[in-house]
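Subject: Structure handover

Hello,

The structure we spoke about follows below. My notes on it come straight after, and please reply with any corrections.

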Amino acid sequence: MIRITVELVGRAAEAGEKTVPLEVPDGATPADAAERLVSRFPALDWLRRVTRPAVNLEYTTWDHALRDGDEVAFIPPVSGG
Amino acid sequence: MIAEITAQPITLDPLIAHVERPEAGAVVTFAGNVRNHSRGRRVEYLEYDAYVPMAERKLREIAEEAERRWECRVAVRHRTGRLEIGEPSVLIAVSCAHRAAAFDACRYVIDTLKQTVPIWKKEVWEDGEVWIEGEGEAPASVCPP
């Protein structure tokens, strides 16, 4: 198992927590992390459909292999400016 | 270069002062202000939220790319928190040798910011509120468990 941190950002932060530590199997992906997160916070079931994953502050793909200590975030479509 | 996310009010003067230099004959600025209406509704105020460490990194990348591509100097700040009607949420100053490049670089910074920097606005009206995601409204906010 590896330990990662999920930062809940944008609308997802309204789930109640901002930072969620997770343990996931070696080779897990942002898609796996999202699934685990949604099982804990069912109100976030829209995450996988709506957001783009980011790892260590860079956009990435849903099948990116996570490493121990990674910071993962699921980025809703942005609306700054 | 300045590329910052801040919870404090922002003003243009320090950004202009940062980019002005003897080689630059053109300074272009952009201000994004809070508008009192959106999609036919009257807006009371906006709340901006950011994934700050990633937003600052992305903002810096955009400013660096603009500086490289147009040989300009860029200063950009985006504010978070509650903003009243008329207040600036984003300010940009760009200086180049000539005006065409300065206009293009400034436009690149604001357009790219709006596409990639993880910042979100929530519109608050008299009788409700909604997060904006991309060009449209997000579905009703998640309910507390």
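The buried residues of α3(B) pack against four elements of chain B: β2 (26-33), α2 (52-70), β5 (73-79) and β7 (88-96). The residues of α3(B) that count as buried are B:Ala102, B:Ala105, B:Cys106, B:Tyr108, B:Val109, B:Ile110, B:Thr112 and B:Leu113. The length of this helix can be checked. Helix α3 of chain B runs over residues 99-116, so its 18 residues should span 26 Å at 1.5 Å a residue, and the end C-alpha atoms are indeed 26 Å apart. Please keep in mind throughout that this is a predicted model.

Next, a buried pair in chain B. B:Ser38 sits in strand β3 (residues 37-38) of chain B, and B:Glu123 belongs to strand β8 of chain B. B:Ser38 has a relative accessible area of 5% and is therefore buried, the limit being under 20%. B:Glu123 is buried too, with a relative accessible area of 4%. Their side chains are joined by a polar contact of 2.6 Å. The side chain of B:Glu123 also makes a polar contact with the side chain of B:Arg39, at 2.9 Å. Leaving out residues up to four places away in sequence, B:Ser38 touches B:Val43 and B:Glu123. On that basis the residues touched by B:Glu123 include B:Ser38, B:Arg39, B:Val43, B:Tyr45, B:Leu46 and B:Ile132.

Now the interface between the chains. The contact is made by 23 residues from chain A and 32 residues from chain B. About 2400 Å² is buried between chain A and chain B, with carbon and sulfur atoms giving 53% of this area. Which three residues supply more than any other three of the area that chain A buries against chain B? They are A:Arg11, A:Leu57 and A:Gly81, which supply 29% of it.

Across the interface of chain A and chain B there are 18 residue pairs in polar contact, both residues being at pLDDT 80 or more. On the side of chain A that touches chain B, the elements giving two or more residues are β4 (58-59) and β5 (71-75) of chain A. The largest share comes from β5(A), with three residues. By class, that side of chain A has 13 nonpolar, five polar and five charged residues.

Salt bridges come last. The structure holds 18 of them over all chains, and four are counted between chain A and chain B.

One that crosses the interface joins the side chains of A:Arg11 and B:Glu133, at 2.7 Å from N to O. Another is formed by the side chains of A:Glu14 and B:Lys122, at 3.5 Å from N to O. A:Glu14 lies in the loop between β1 and β2 of chain A, whereas B:Lys122 lies in strand β8 (residues 119-125) of chain B, so this pair joins two chains. Are these two partners buried or exposed? A:Glu14 is partly exposed at 26% relative accessibility, while B:Lys122 is buried, with a relative accessible area of 9%.

B:Lys122 also forms a salt bridge within chain B. Its partner there is B:Glu129, with the closest N and O atoms 3.0 Å apart. B:Glu129 is partly exposed, at 44% relative accessibility. Elsewhere, salt bridges that share partners join A:Glu58, B:Arg57, B:Lys58 and B:Glu61 into one network.

Within chain A, A:Glu23 and A:Arg3 form a salt bridge whose closest N and O atoms are 3.1 Å apart. This pair links distant parts of the chain: A:Glu23 is in strand β2 (residues 19-24) and A:Arg3 in strand β1 (residues 2-7), 20 residues apart. A:Glu23 has a relative accessible area of 39% and is partly exposed. A:Arg3, at 59% relative accessibility, counts as exposed, because the limit for that class is over 50%.

Regards

Notes
Residues numbered from 1 in each chain as written. Chains lettered and ligands numbered in written order. Predicted model: local features only at pLDDT ≥ 70, side-chain atom pairs only at ≥ 80, totals over all residues. Heavy atoms only, no water. Contact = heavy atoms within 4.5 Å. Buried area = accessible area lost by both parts, 1.4 Å probe. Polar contact = N/O pair within 3.5 Å; in protein donor to acceptor, adjacent residues only side chain to side chain. Nonpolar A, V, L, I, M, F, W, Y, C, P; charged D, E, K, R; others polar. Expected span 1.5 Å × (residues − 1). Buried < 20%, exposed > 50% of the residue type's maximum accessible area, 1.4 Å probe, protein only.
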